[in-house]
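Subject: Structure handover

Hello,

I am passing on a structure that you have not yet worked with, and below it I set out what was found in it. Please keep it open beside this message while you read.

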Amino acid sequence: MAHVITVRPALDSGRGASFVLDDRIAAGDYTLHSDTARATGPLRYRLQVTHVGDGVLVAGTARVTVVGECSRCAESFQADITASINELYTRDPIDDPDDPLDLYDAVIDSEGNIDIEPMLVGELRLNIPVAPLCQPDCAGVCPGCGANLNRDDCACAADAIDPNHPFAALADLIKD
Ligand SMILES: [Zn+2]
Ligand SMILES: [Zn+2]
């Protein structure tokens, strides 16, 4: 979906003219998901649009809340994702089909409009972790009993041999 804004307030003035956009894209008007998380709620942005001669520089930040599944314990979690935005829009952008980072057309149309939705979504997606965690020190699940170690006690710990136990060395001998 598109989110079109006019950049004429900057374009129609001299080089260096700028204005600030502080707005949002409503939840239903964009789609953002990765393999590990998807956005929920509005996409918020604060951008400065500056006339830089060849076009306009769109710079600032974009922010969204995502829900996903923790890569360690598989519990669902919620996190804020922020992206730094720094994109040049021109009337005649150079389209490089070989550039994997050239994900969207940063073009100013004949009316002086730009569509910032693909750019904001693309930049935010790059900031979603490939292996997200519910918390930085997530303890994960026990491979033995499957207990979520963030909140439950491991049920198999009682059966494990304490390495400091007097007979621990004996157990090693038996294994050999
Ligand atoms: Zn976790
Ligand atoms: Zn266990």
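A convenient place to start is T50, which lies in strand β3, where helices (H or I, at least four residues) and strands (E, at least two) are DSSP runs, numbered from the N terminus. This is a predicted model, in which local features need pLDDT of at least 70 and side-chain atom pairs count only at pLDDT 80 or more, while totals for chains, interfaces and linings use all residues. Residues are numbered from 1 along each chain as its sequence is written, and chains are lettered from A and ligands numbered from 1 in the order in which they are written.

T50 counts as partly exposed because it has 19 C-beta neighbours inside 10 Å; a residue is called buried if 20 or more other C-beta atoms lie within 10 Å of its own, exposed if 12 or fewer, and partly exposed in between, with C-beta atoms placed from the backbone. Although T50 and S18 are 32 residues apart in sequence, their C-alpha atoms are 4.2 Å apart in space. Not counting residues up to four places away in sequence, T50 touches A10, G16, S18, V56 and L57, a contact being two residues whose C-beta atoms, placed from the backbone, lie within 7 Å.

Turning to the chain as a whole, the protein has 3 helices and 6 strands, which follow the pattern β-α-β-β-β-β-β-α-α when read along the sequence. Of its 176 residues, 20% are buried. Among the contacts with a separation of 6 or more, 58% are between residues 24 or more positions apart.

The strand pairing comes next, and two strands are said to pair if DSSP finds at least two bridges between them. Strands β3 and β4 run antiparallel and are joined by 12 bridges, with Q48 having A59 in β4 as its bridge partner. These two strands form a hairpin with 3 residues between them, and G53 in the turn has a positive phi of about 95 degrees. Strands β4 and β5 also run antiparallel, joined by 15 bridges; here A62 has A83 in β5 as its bridge partner, and T65 stands opposite D80 in β5.

The hairpin of β4 and β5 has 6 residues between the strands, and A74 is found in that loop. The phi of A74 is near 70 degrees, a positive value in a residue other than glycine, whereas most residues other than glycine have a negative phi. A74 counts as exposed because it has 11 C-beta neighbours inside 10 Å.

Finally, there is the largest nonpolar core, meaning a set of buried Ala, Val, Leu, Ile, Met, Phe, Trp, Tyr and Cys residues joined through C-beta atoms within 7 Å. This core has 27 residues, of which L43, V64, L120 and L124 touch the most other members. At least two residues each are supplied by β3 (37-51), β4 (55-69), β5 (76-90) and α2 (117-126), and β3 gives the most, with 6 residues. Leaving aside neighbours within four places in sequence, V64 is in contact with L32, A39, L43, I81 and L124.

Best wishes
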